[in-house]
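Here is a friendly briefing to read with the structure open beside you. It goes through two ligand sites and some of the helices around them.

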Amino acid sequence: MPNRNLNLILLGPPGSGKGTQGERLQEDLELPYYATGDILRAAVKDATEVGLAAREYMDRGDLVPDDVIIGLIAERLESGEADRGFILDGFPRTVPQAEALDAKLSEIGRQLTAVILIDASDEEIVRRLSGRRVSSNGGYVYHVEFNPPKVEGICDVDDSELIVRDDDKPEVVRHRLEQYHEKTAPLVDYYSRQALLNRVDGSRDPDQVGEAVRSLISTFSLEEGP
Ligand code: ADP
Ligand code: ADP
C-alpha cells in the first residue's frame with residue numbers, strides 16, 4: 001500500500017477497536033503509530049513526571065489535562081520521525097486538543113489527510129472492554145471470546161502474561177463512556193465541518209472492519225496522487 005504523507009486519526013469510543021486496527025495499519029503502512037493511552041501507560045510504569053501527573057486521572061477514567069497530552073504529541077511531530085505521515089490513536093480527545101493539533105500541523109506545513117471514526121454502541125463497548133486482555137510488556141490486545149490468544153493468558157507475540165487493564169473495570173468503563181460522549185464526541189462535528197470525517201461500522205468482526213479501513217485508505221492515497 002502506498003505510504004506517502006498520510007496523516008491519519010483513529011477516532012472512536014473506548015473499546016471500539018482503534019488499537020486492534022491501529023496495530024494492523026501500522027504494519028501495512030509502515031508509519032509511526034502514536035497511541036496516547038499506550039504512551040501514558042508506559043510513562044506511568046516508568047514513573048516519569050508525565051506518568052505521575054497522569055496516573056490519578058487514568059485510574060478514575062477521566063481524561064488527563066490537555067496540556068500534558070498536547071505536549072507529548074507536539075514533541076513527536078516536531079521530531080521529524082513522522083515526516084512521512086502518522087497514525088494517531090486516542091488523540092485528539094477534546095476540542096482544545098484538536099485545535100492544538102491543527103495549529104501544530106499548520107506550523108510545520110502539514111495537514112490531516114483524514115479522520116477515521118470507528119463506531120460501536122455502548123452495549124458492544126461494555127462487552128468488549130469486560131473481556132479485553134493486554135500484554136504486560138507491550139500494546140498487544142486480545143479478547144477472551146472475540147480474539148483469544150493461542151495459549152490462554154499468554155501473548156502470542158512476546159510471550160508476556162496477559163493482564164486486565166485497571167480502567168477496564170465496569171464502574172470505570174461507565175465513567176470513560178460518559179467522558180467520551182461529553183468531551184470526545186463533539187469531534188465528530190468538528191471534523192465533519194472540515195470534511196475530514198469518514199465513518200466505519202466498528203460493530204462487525206475485526207477482519208471486516210480492517211477491510212473497510214483499508215479500502216478507505218486506498219481512496220485517500222489515490223486522491224493525493226504523486
Ligand atoms: P481506550 O483504548 O480504551 O480508548 P486509551 O488507552 O486510549 O483508552 O486511554 C486510556 C486512558 O488514557 C484514558 O482513559 C485517559 O485517561 C488517558 N488518555 C489517553 N489519551 C488521552 C487524550 N488524548 N487526552 C486525555 N487523556 C487521554
Ligand atoms: P480501543 O483501542 O478502541 O480501546 P481495542 O482495539 O483495544 O479498542 O478493542 C477493545 C476490545 O475489543 C479488545 O479486547 C479487542 O480484542 C476487542 N475487539 C476489537 N475489535 C473488535 C471487533 N471488531 N469485534 C469484536 N471484538 C473486537
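Helices and strands here are DSSP runs, at least four residues for a helix and at least two for a strand, numbered from the N terminus. With that in hand, a good starting point is glycine 15, which sits in the loop between strand 1 (6-11) and helix 1 (18-29). Please keep in mind that this is a predicted model.

**Glycine 15 and its surroundings**

- Glycine 15 has a relative accessibility of 15%, and it counts as buried because the cut-off is under 20%.
- Leaving aside residues up to four places away in sequence, glycine 15 touches Ile125, Arg128 and Leu129.
- Aspartate 168 lies 153 residues from glycine 15 in sequence, yet their C-alpha atoms are 9.4 Å apart in space.

**The site of ligand 2**

- Ligand 2 is surrounded by 20 residues, and the closest are Gly15, Thr20, Arg132, Tyr142 and Arg204.
- Glycine 15 places a backbone N or O atom 2.7 Å from an oxygen atom of ligand 2.
- Glycine 19 also takes part through its backbone, with a polar atom 2.8 Å from an oxygen atom of ligand 2.
- For proline 206, the partner is a nitrogen atom of ligand 2, which lies 3.3 Å from a backbone N or O atom of this residue.

**Helix 6**

- Helix 6 spans residues 122-130, and its buried residues are Glu124, Ile125, Arg128 and Leu129.
- Those buried residues line one face of helix 6, because they fall within an arc of 125° when seen down the axis.
- Turned away from that buried side is a face carrying the exposed residues Glu123 and Ser130.
- Strand 5 (132-135), strand 6 (141-143) and helix 7 (170-184) are among the elements that cover the buried residues of helix 6.

**Helix 7 against helix 8**

- Helix 7 packs with helix 8 (residues 186-193) at an angle of about 35°, and their axes are 5 Å apart.
- Helix 7 brings His181, Glu182, Lys183 and Thr184 to this contact, while helix 8 brings Pro186, Leu187 and Val188.
- By type, the residues of the contact of helix 7 with helix 8 comprise 3 nonpolar, 2 polar and 2 charged.

**Helix 3 and the glycine after it**

- In helix 3 (residues 49-60), the buried residues are Gly51, Ala54 and Met58.
- These residues lie on the same side of helix 3, because they cover an arc of only 80° around the axis.
- The exposed residues Glu49 and Leu52 are carried on the face of helix 3 turned away from the buried side.
- Helix 2 (36-45) is included in what covers the buried residues of helix 3.
- Glycine 61 follows helix 3, and its phi is positive, near 85°.

**The site of ligand 1**

- Around ligand 1 there are 20 residues, with Thr36, Asp62, Gly90, Gln97 and Arg176 the closest.
- Aspartate 62 has a backbone N or O atom 2.6 Å from an oxygen atom of ligand 1.
- Valine 64 has a polar backbone atom 3.1 Å from a nitrogen atom of ligand 1.
- Arginine 165 uses its side chain: a polar atom there lies 3.2 Å from an oxygen atom of ligand 1.

How values were computed
Residues are numbered from 1 along each chain as its sequence is written. Chains are lettered from A and ligands numbered from 1 in the order in which they are written. This is a predicted model: local features need pLDDT of at least 70, side-chain atom pairs count only at pLDDT 80 or more; totals for chains, interfaces and linings use all residues. Side-chain values use heavy atoms; hydrogens and water are left out. Buried means under 20% relative accessible area, exposed over 50%, partly exposed in between (1.4 Å probe, protein chains only). Contact means heavy atoms within 4.5 Å. The arc is that of the directions from the helix axis to the C-beta atoms. Axes are lines fitted to C-alpha atoms, for helices over the stretch in contact, and angles run from 0 to 180 degrees between N-to-C directions. Ala, Val, Leu, Ile, Met, Phe, Trp, Tyr, Cys and Pro count as nonpolar, Asp, Glu, Lys and Arg as charged, and the others, Gly among them, as polar. A residue is near a molecule or strand if one of its heavy atoms lies within 4 Å of it. A polar contact is a pair of N or O atoms within 3.5 Å; within protein, one must be able to donate a hydrogen and the other to accept it, and residues adjacent in sequence count only if both atoms are side-chain atoms.
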